[in-house]
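Let's take a walk through this structure together. Have a look at it first, and then we'll go over it piece by piece.

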Amino acid sequence: MSSKNEKVWSDTQASPEFQDLKRKFRGFAFPLTVAFLVWYFLYVILTAFAREWISTPVVGNINIAFILGLLQFATTFLIMWLYERHSSHSLDGPSDALRDKVDKELSK
Amino acid sequence: MSSTTLSAILFVAFVLFTLVLVFRAGRSNKQSSDFYDGGGGFSGFQNGLAIAGDYMSAASFLGIAGTIALFGYDGFLYSIGFLVAWLVALLLVAEPLRNSGRFTMGDVLAFRMRQRPVRGAAATSTLVVSIFYLMAQMVGAGALVSLLLGINDPSAKNWIIGGVGILMIVYVTVGGMKGTTYVQIVKAFLLMTGAILLTIMVLWQFGFNISDLLGAARDASGKGEAFLQPGLKFGKDIIDPLTMAIDPVKTLISKLDLISLGMALVLGTAGLPHILIRFYTVPTSKAARKSVNWAIGNIGAFYLMTIALGFGAAALVSRATLFRGFKVDANGCLMDAKGVAIANGDVACTPLADVGTLDAGAKALLVPVDPSGNVAAPQLAQFLGGGEGTTGGAIMLAVIGAIAFATILAVVAGLTLASSSSFAHDLYANVIKKGTASPAEEVRVAKISAVVIGGISIVLAIGAQGLNVAFLVAIAFAIAASGNLPAVLYSLFWKNFNTRGAVWSIYGGLFSAVILLVFSPNVSGAATSLIPFVEGGVRFDFFPLANPGIVSIPLGFFFGWLGTVTSSERNLAKYAELEVRSMTGAAIGKAVQH
């Protein structure tokens, strides 16, 4: 029983459908993670080391520091939206199909 | 009716309402596993609100608003870090965790490892993180009581802390995950409503012009343009007292401390056990993703509103009120940090009532009674309602005060649930009983451990009342980022990761963070330390940063790598199962065969 299940898992893992799904997920999520972390730490480093520049007023009393901070909010919402769109368009379908296939084979 | 009475009535109403919810939830719990995952049937929207409720602790609502009110821009850095952190949870953790675990963080970490060492480590770090976080909330509860209800009697404070502890034990043992989730949803709804109400009232005062709000806050702060710029609290320029020039080394350390804090904030969230187990309350990974989306929406909106709350408090509430007054000497004269009376022009003694007539130089010497600013939001509410002594002011103060209590209570319940689940499921069932405990027995142990953990945190919180709430929260985030996150990420994404790697990364990150904290200025060597530094006193602050993350988080990842490559254990068959399960949700919720 257990070894039969093991074969289902490893066969699925090796299947082109799964490798394709994995590539689509990692190819999207990993670079995006690097990007938002770089962008966040860039912001933190600027607030620590570029005080003069970041304190330049832009509109009224709103300075670059506020704009950058609000942009962090904006990019967070944007990335959330992008990932949701990517998942629902490209990941959910293949992932559900694989799940049904695996569950069927496991219950055999 | 005074605001104190009204506040108490509203709070009791909240408690009664949530108790009804919790008892109903408790009756509807059918299987023993419902204790851990609430039946796993919540929708993404419900769980999203519950996550927001679990996450927006008293430290967020009171602490960030207070920090902005007193230090201006720097408080906003917390808001940003706490929000951006959710992207780690969204992109890397929520869905695979939902697909491959059942009840605890340990489920995923131990999936393809030897159970006992890994679950033991996972339970240890879950308990350590949760207990620090619990203490922060309960110390906050004690402080809030004295501030809002005007109770300063220590024994009354202890009774309140005890009461909060007992309530949360009831929530958790009776309602389990389902009951706790309902409490979080109600709390998140109340908190958002309160914040929206305050934000609209603040913006209305300034004709919905943010620039005017910031300008008014700057003018009232007495700190000039610096109030709207980073640098009043974090990453300060340190002046050498002898040469009056900037000390380059100390200034660099102070800026590294800011970056270190940023790291802990952004990487800590996805390692907080009480947040991770929320992903198990929904049926699918898609619902887990949706719940993070809802959580990000709510949390993001809330943290945006902290700008209005914090700067609004700075602009509208007087500094003397925010600081709850300034320190005076035995003669009733305002004094500086050394206890010397502050002169006002030719007058040697300035009474507190004349604080407004001081010039800027003299104002800079004032010593606040309460430098935390934790009551800025309730004070703002009082002002917006019409001010002290008015009915409107009393009502607003009572409403916001009761919401703050509800906030603390709900977070405390979530933390107790996370730690008792991990104790019962990881430590008792898998380490002590080696997997032979029946589910019913496991849940009985979880309920007993909720009582014990509740009791321990009541005692610890009573003993820890002098501690700074933000410090305790920072410890929890730093440990979560150093001990938990590396292990979670390696488990999900690194094929070769193994038992030794998991154990080393958890203990390595956990102990690095704790040891660095012990030898940091948080504990000794500064006037604000746990052991306040006096000339010639003991000090062992060998590590100059208050935030250990910049060192301990890389160490957590390093130990995980080192442990993995020095051990020959590989379990590729189990990794195939983990990978397929985590990406597809196949066999979801079914126990793993070991």
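What follows covers the build of chain A and then its contact with chain B.

A quick note before we start: this is a predicted model, where local features need pLDDT of at least 70, side-chain atom pairs count only at pLDDT 80 or more, and totals for chains, interfaces and linings use all residues. Residues are numbered from 1 along each chain as its sequence is written, while chains are lettered from A and ligands numbered from 1 in the order in which they are written.

Chain A has 4 helices and 2 strands (DSSP runs, numbered from the N terminus: H or I with at least four residues for helices, E with at least two for strands). Follow the sequence and you'll meet them in the order α-α-α-β-β-α. The radius of gyration of chain A is 22 Å, well over the 13 Å that the globule rule gives for 108 residues, so chain A is more spread out than a compact globule. (That radius is taken over C-alpha atoms, and the rule is 2.2 Å times the number of residues to the power 0.38.) Along its principal axes, the C-alpha trace of chain A spans about 70 × 25 × 20 Å.

Now for the partner. The contact takes 47 residues from chain A and 42 residues from chain B; two residues are in contact if their C-beta atoms, placed from the backbone, lie within 7 Å. On the side of chain A that touches chain B, α4(A) gives the most, with 18 residues.
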